[in-house]
Amino acid sequence: FANVAGAFALVATCAGHSATVRALDWSEDGALLRSQCVGGELLHWRAPEGAKTPQQTLRPFPGDVRDVTWKTHNSTVGFPVMGVWEPGRASNARVVGAIDRSPDSRFVVAGDDAGDLRVLNYP
């Protein structure tokens, strides 16, 4: 990818996960970012307010996010998507590796380690 005319300028780095980040979501108002790593950690970040200090390092947001409306939903963990995981945790249970919510919030699609996509009702 080309950084045409410096359009992609680093504003901040979010530091706090203990493993590779697998999913990202923005809040509806763009004030918060949610990230999930392959270890299952779900962290929240307050979005930077402009590029006042280039390359600032953000720490996880400790506040309450229960009532936040998320513009996207790509995290495979959390209350709204706990129904995509198969009951139990049997040795043959499928591992959900990717999720996306439909723009109208009616459905969620879950991709698993068997190579299947399952379309489910979104709560």
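Which residue takes a positive phi in the hairpin of strand 6 and strand 7? The legends below treat this hairpin and other close-up views of a predicted model.

**Figure 1. The hairpin of strand 6 and strand 7.** Ser105 is the residue with a positive phi, near 60 degrees, in this hairpin. Five residues lie between the two strands. Strand 6 covers residues 96–101 and strand 7 covers residues 107–112. The two strands pair in the antiparallel sense, over five bridges. Within this pairing, Ala98 stands opposite Gly111 of strand 7.

**Figure 2. The hairpin of strand 7 and strand 8.** Here four residues separate the strands, and Gly115 in the turn has a positive phi of about 85 degrees. Strand 8 comprises residues 117–121 and is joined to strand 7 by five bridges, the two running antiparallel. Gly111 has Leu117 as its bridge partner in strand 8, while in the pairing of Figure 1 Gly111 stands opposite Ala98.

**Figure 3. The largest nonpolar core.** Seven residues make up this core: Val81, Val84, Val96, Ile99, Val108, Ala110 and Tyr122. Strand 6 and strand 7 each supply at least two of the core residues. In a regular strand, side chains alternate between the two faces of the sheet.

**Figure 4. The surroundings of Tyr122.** Tyr122 belongs to the largest nonpolar core. Leaving aside residues up to four places away in sequence, Tyr122 touches His73, Pro80, Val81, Arg101, Ser105, Arg106, Phe107 and Val108. Two of these contacts, Val81 and Val108, are also members of the core. Another, Ser105, is the residue with a positive phi in the hairpin of Figure 1.

**Figure 5. An open sheet of three strands.** The strands follow the order 2-3-4 and pair in the antiparallel sense. Strand 2 (21–26) and strand 4 (42–46) stand at the edges with a single partner strand each, so one side of each has no neighbour in the sheet. On average, neighbouring strands of this sheet are turned by 20 degrees against each other, direction ignored. Five bridges join strand 2 to strand 3, which consists of residues 32–37. One bridge links Asp25 to its partner Arg34 in strand 3.

**Figure 6. Gly30 in the loop between strand 2 and strand 3.** Gly30 counts as partly exposed because its relative accessibility is 33%. Gly30 and Arg46 are 16 residues apart in sequence, and their C-alpha atoms are 9.0 Å apart in space.

Methods:
Residues numbered from 1 in each chain as written. Predicted model: local features only at pLDDT ≥ 70, side-chain atom pairs only at ≥ 80, totals over all residues. Heavy atoms only, no water. Pairing = 2+ DSSP bridges. Axes fitted to C-alpha atoms, helices over the stretch in contact; angles between N-to-C directions. Buried < 20%, exposed > 50% of the residue type's maximum accessible area, 1.4 Å probe, protein only. Core = buried A, V, L, I, M, F, W, Y, C linked by side-chain atoms within 4.5 Å. Contact = heavy atoms within 4.5 Å.
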